[in-house]
Amino acid sequence: FLSKSDKVLRATANTFSEPSHFTEALSGLSVMSSKAYTVDIKGEAEGYSVQATYAEKDNEKQISGSLEGPQFSDVEFLAGIDKDEIKVSAPLLGDKIYTYNYNEEKNGYLAESMGADNVELLDKLCKQIYSDEEQKKKVLELSKKYSEMYKKLEFESADKESFEVDGKDRKCAGYKTTITSDYMIECVDIFEDYMDAQVGDLLDQAVTGSDYDDYKESFDELRDDFKEMPDIDITFYIYKNKLACVKAVDPSEKDQDIQILFKGGDRRTQNMELISCGESVMKISGSEDGNEEVFGVSVEGEKVGELTYDFKSGEYTLDIEDEGSVSGTLEGKRDGLTLTMEGAGMNLSLDVKKGAELQTFSGEKFDIGNASAEDLQTLVQEIYGISGGNSGYNYDDGDYDYDYDYDYNDDDYNYDYDYDYGDDDDYNYDYNDDDYSYDDDDEL
């Protein structure tokens with residue numbers, strides 16, 4: 001036999017394991033947790049267009065693409081990270097491959113100017129970008145700790161109550177537990193430990209002074225808030241092994257309860273309502289007719305949006321009150337999905353698929369981490385020339401003499417303008433030279 005705690009856990013899992021057709025199509029995104037996948041994006045908005053491809057294979061990652069707009073055209077790029085280096089190449093920056101090795105010691109100008117602590121921080125960030133195995137382990141540890149916290153809750157049977165499920169009143173079994181102030185503080189402590197293990201050392205180096213203090217104090221503020229929290233009774237009402245209602249109430253103020261109602265339909269979460277102190281705060285209303293499903297959201301009685309989805313053709317329309325609408329197609333597949341969107345001044349297409357082909361970088365390497373100040377100066381000169389500047393000038397010779405001796409007091413730059421607006425329409429622009437004296441009677 002299942003314990004009361006396990007019955008609540010099973011009902012919760014059953015309730016949220018029934019996806020709508022729309023969310024089921026989105027499940028194609030799960031291929032992004034595989035070892036090899038590709039994401040293609042194309043978009044246009046306000047005269048700009050972008051095409052980009054993100055590919056990942058065995059932790060190695062690449063992004064490539066091109067940008068076009070009123071101020072530029074066909075700006076191509078390729079960037080990637082492997083087990084040792086970050087690599088970037090772009091025709092706009094010449095034919096070199098710009099590299100940064102995050103596993104080796106750096107002795108160039110970059111390390112000198114950034115400082116050892118910031119270089120160490122950058123290297124750690126690169127390692128986390130390359131492989132998220134450690135992050136996944138920490139997330140798993142966090143999940144286990146909260147699972148243990150759930151097991152600490154003690155459940156007891158509550159009086160049966162009736163709730164609307166699938167259009168009818170249903171008598172539902174109830175199971176009650178109490179959430180205490182100390183319990184919530186312990187949950188905050190667990191999450192703070194997780195954040196410190198995940199990014200704490202990086203934040204410690206990346207932010208200083210009041211910014212880092214604010215990060216740490218946010219957890220203290222949460223603990224202070226929960227210290228003032230009264231004990232809260234939470235009751236889970238279950239019908240046919242799924243949730244019908246979750247009710248939270250302060251035992252000393254039983255008329256101040258909060259309820260989440262699962263009214264069902266084709267799925268238990270198809271129609272839901274949030275009620276606070278007897279007043280409806282939010283509703284999710286869903287229906288299904290033939291190949292079409294519709295979801296609407298209203299807040300305090302006012303409709304805020306509606307999604308219509310034809311799960312056979314993949315066509316959808318999303319209407320947002322006071323904001324307009326977007327439409328397109330969503331087609332989920334076992335090995336990915338395709339999404340298009342048009343509206344709100346933009347066109348967008350997204351294609352996610354399993355498998356990846358990584359591009360090969362070509363060109364001479366330029367090691368940014370170990371480059372000297374002179375190397376970087378030369379590089380800047382080369383890029384400046386490539387990107388349309390005054391190429392061919394040597395900053396070390398006399399071509400760029402910035403010691404300009406402009407004598408603004410000589411006759412070459414004498415701006416002694418005589419603007420006489422008081423005469424009869426004569427506009428006498430006297431530049432100390434009669435050649436620039438124009439009278440209205442003059443013909444051009």
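Buried means under 20% relative accessible area, exposed means over 50%, and partly exposed is in between. Keep that rule at hand as you work through these exercises on a predicted model.

## Exercise 1: A charged patch

Decide whether Glu 302 is buried or exposed, and find which negative patch Glu 302 belongs to.

**Solution.**
- Step 1: Locate the residue. Glu 302 sits in strand β15, which covers residues 302–310.
- Step 2: Apply the rule. Glu 302 has 56% relative accessibility, so this residue counts as exposed.
- Step 3: Look at the partners. Glu 300, Glu 302, Asp 319, Glu 321, Asp 322 and Glu 323 form a negative patch on the surface.
- Step 4: Pick out one more member, Asp 322. The loop between β16 (315–320) and β17 (324–333) holds Asp 322. With a relative accessible area of 80%, Asp 322 is exposed.
- Step 5: Check the backbone of Asp 322. Its phi is near 70°, a positive value in a residue other than glycine.

## Exercise 2: Another positive phi

Find where Glu 46 lies and say whether Glu 46 is buried or exposed.

**Solution.**
- Step 1: Glu 46 is part of the loop that runs between β1 (36–45) and β2 (48–57).
- Step 2: The relative accessibility of Glu 46 is 74%, so Glu 46 counts as exposed.
- Step 3: Now turn to the backbone. Glu 46 is a residue other than glycine with a positive phi, near 50°.

## Exercise 3: A nonpolar patch

Name the residues of the nonpolar surface patch that includes Leu 67, and classify Leu 67 by accessibility.

**Solution.**
- Step 1: The patch consists of Tyr 48, Val 50, Leu 67 and Phe 72. Together they have about 300 Å² of accessible area.
- Step 2: Leu 67 belongs to strand β3 (residues 60–69).
- Step 3: Leu 67 has a relative accessibility of 32%, so Leu 67 counts as partly exposed.

## Exercise 4: Why no disulfide at Cys 245?

Explain why the sulfur of Cys 245 forms no bond with the closest cysteine sulfur.

**Solution.**
- Step 1: Recall the cut-off. A disulfide needs a pair of cysteine sulfur atoms within 2.5 Å.
- Step 2: Compare. The closest cysteine sulfur to that of Cys 245 is in Cys 172, and because the distance is 8.3 Å, the two are too far apart for a bond.
- Step 3: Widen the view. Searching the whole structure gives 0 disulfides.
- Step 4: Add the surroundings. Cys 245 is buried, at 0% relative accessible area. Cys 187 is buried too, with a value of 13%.

## Exercise 5: Salt bridges within a helix

How far apart in sequence are the partners Glu 120 and Lys 124, and the partners Lys 227 and Asp 224?

**Solution.**
- Step 1: Start with the total. The structure has 23 salt bridges.
- Step 2: Take Glu 120 and Lys 124. Their side chains meet in a salt bridge at 3.6 Å, N to O. Both residues are in helix α4 (residues 116–130), 4 residues apart, which is about one turn of the helix.
- Step 3: Classify this pair. Glu 120, at 38% relative accessibility, counts as partly exposed, and Lys 124, at 25%, counts as partly exposed.
- Step 4: Take Lys 227 and Asp 224. The closest N and O atoms of this salt bridge are 3.9 Å apart. Helix α7 (residues 210–227) holds both, 3 residues apart, about one turn of the helix.
- Step 5: Classify the second pair. Lys 227 counts as exposed at 53% relative accessibility, while Asp 224 counts as partly exposed at 42%.
- Step 6: Notice a network as well. Asp 189, Glu 192, Asp 220 and Arg 223 are joined into one network by salt bridges that share partners.

## Exercise 6: A salt bridge between strands

Work out which parts of the chain are tied together by Lys 176 and Glu 156.

**Solution.**
- Step 1: Confirm the contact. Lys 176 and Glu 156 form a salt bridge, and their closest N and O atoms are 3.6 Å apart.
- Step 2: Place both partners. Lys 176 is in strand β8 (residues 168–179) and Glu 156 is in strand β7 (residues 156–165), so the pair ties together parts that are 20 residues apart in sequence.
- Step 3: Check accessibility. Lys 176 counts as partly exposed at 24% relative accessibility, and Glu 156 is partly exposed at 44% relative accessible area.

Note on methods:
Residues numbered from 1 in each chain as written. Heavy atoms only, no water. Buried < 20%, exposed > 50% of the residue type's maximum accessible area, 1.4 Å probe, protein only. Patch = residues over 30% accessible without salt bridge, like charges linked within 9 Å, V, L, I, M, F, W, Y side chains within 5 Å. Areas by Shrake-Rupley, 256 points an atom, 1.4 Å probe, with all protein chains shown as cover. Salt bridge = Lys/Arg side-chain N within 4 Å of Asp/Glu carboxyl O. Lys, Arg positive; Asp, Glu negative; His and termini not counted. Charge placed at Lys NZ, Arg CZ, Asp CG, Glu CD. Helix = DSSP H or I, 4+ residues; strand = E, 2+ residues; numbered from the N terminus.
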